[in-house]
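Grab your viewer and let's work through a couple of short exercises. Each one has a task, then a solution taken step by step.

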Amino acid sequence: MHKRSSTLLFFVLAAATASSLVTGCSTAESAPCAEPMSATDDAAFDYVNKTPSAAQNCSDAARENVVADYRYLRAVDDEAVPFTDADVAIKVGKGMCTLIGRAVSNGYSVSQARELLLDQSNAANVYTSSDNVTIQTAALASYCPNYNR
C-alpha cells in the first residue's frame with residue numbers, strides 16, 4: 001500500500017471513529033447510546049414485532065414511528081376494534097390524520113374536521129360508531145397530536 005493511500009485510510013477511519021464518539025452511537029452492541037431505549041421503547045418493538053435497527057437503538061427520533069404505532073395499536077386493541085391486521089389498522093389511523101389535515105387546510109376548524117370525519121366514517125358503516133371514535137382518538141393522540149385538541 002502506498003504511503004498516501006494508508007494516510008488517507010487512517011483519516012477516513014479516524015473521522016468515522018470521531019463521528020461515532022460525537023453521537024454516542026455505534027453499530028457495536030456494547031457502545032453507549034446518546035438516547036438509549038427505555039422500557040416503553042422495548043415494549044413498543046415487542047408489541048409491533050420488530051427488531052430495532054442500530055440507529056433506533058440510539059435515537060428517540062429514529063424510534064418515533066414505531067412508538068407511535070405501538071401507542072395506536074394498543075389503544076385500538078384495548079377497545080377490540082376489529083381490524084384484519086396491524087398494517088390495516090396503522091393505515092386507517094394515519095389516514096385519519098391525513099383527512100383531518102386536508103379539512104383543516106380547506107378552512108375547517110379541527111373540531112369541525114373531526115366531526116365531519118366521524119360522520120363520514122359512521123356513514124361508511126365499516127366500523128361501529130364507538131370503534132370510529134376509538135380509531136380517531138387513538139390516531140390523533142399517536143400520529144397527529146397537533147390535531148388532538
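The exercises below deal with a disulfide and a helix pair in this predicted model.

**Exercise 1. Find which cysteines form the disulfide, and work out which parts of the chain the link ties together.**

Step 1: Start with the count: the structure holds one disulfide.

Step 2: Check the sulfurs. Cysteine 97 and cysteine 144 sit with S to S at 2.0 Å, and the cut-off for a disulfide is within 2.5 Å, so this pair qualifies.

Step 3: Place the two ends. Cysteine 97 belongs to helix H5 (residues 86-105), while cysteine 144 is in the segment after helix H7 (129-143), so the bond ties together parts 47 residues apart in sequence.

Step 4: Look at the torsion. About the S-S bond the value is -75°, and the link of cysteine 97 and cysteine 144 is left-handed.

**Exercise 2. Are cysteine 97 and cysteine 144 buried or exposed?**

Step 1: The cut-off for buried is under 20% relative accessible area.

Step 2: Cysteine 97 comes in at 10%, so it counts as buried. Cysteine 144 has 4% and is buried too.

**Exercise 3. Describe how H5 and H7 are arranged.**

Step 1: Two numbers do the job, since packed helices are described by the angle and the distance between their axes.

Step 2: Here the axes of H5 and H7 come within 9 Å and cross at roughly 80°, so H5 and H7 are roughly perpendicular to each other.

Step 3: Now the contact itself. Residues of H5 including Ile90, Met96, Cys97 and Ile100 meet a set in H7 that includes Ile135, Leu140 and Tyr143. By class, this contact of H5 with H7 has nine nonpolar, two polar and one charged residues.

Notes. Residues numbered from 1 in each chain as written. Predicted model: local features only at pLDDT ≥ 70, side-chain atom pairs only at ≥ 80, totals over all residues. Heavy atoms only, no water. Helix = DSSP H or I, 4+ residues; strand = E, 2+ residues; numbered from the N terminus. Buried < 20%, exposed > 50% of the residue type's maximum accessible area, 1.4 Å probe, protein only. Axes fitted to C-alpha atoms, helices over the stretch in contact; angles between N-to-C directions. Parallel < 35°, antiparallel > 145°, perpendicular 65-115°, else oblique. Contact = heavy atoms within 4.5 Å. Nonpolar A, V, L, I, M, F, W, Y, C, P; charged D, E, K, R; others polar.
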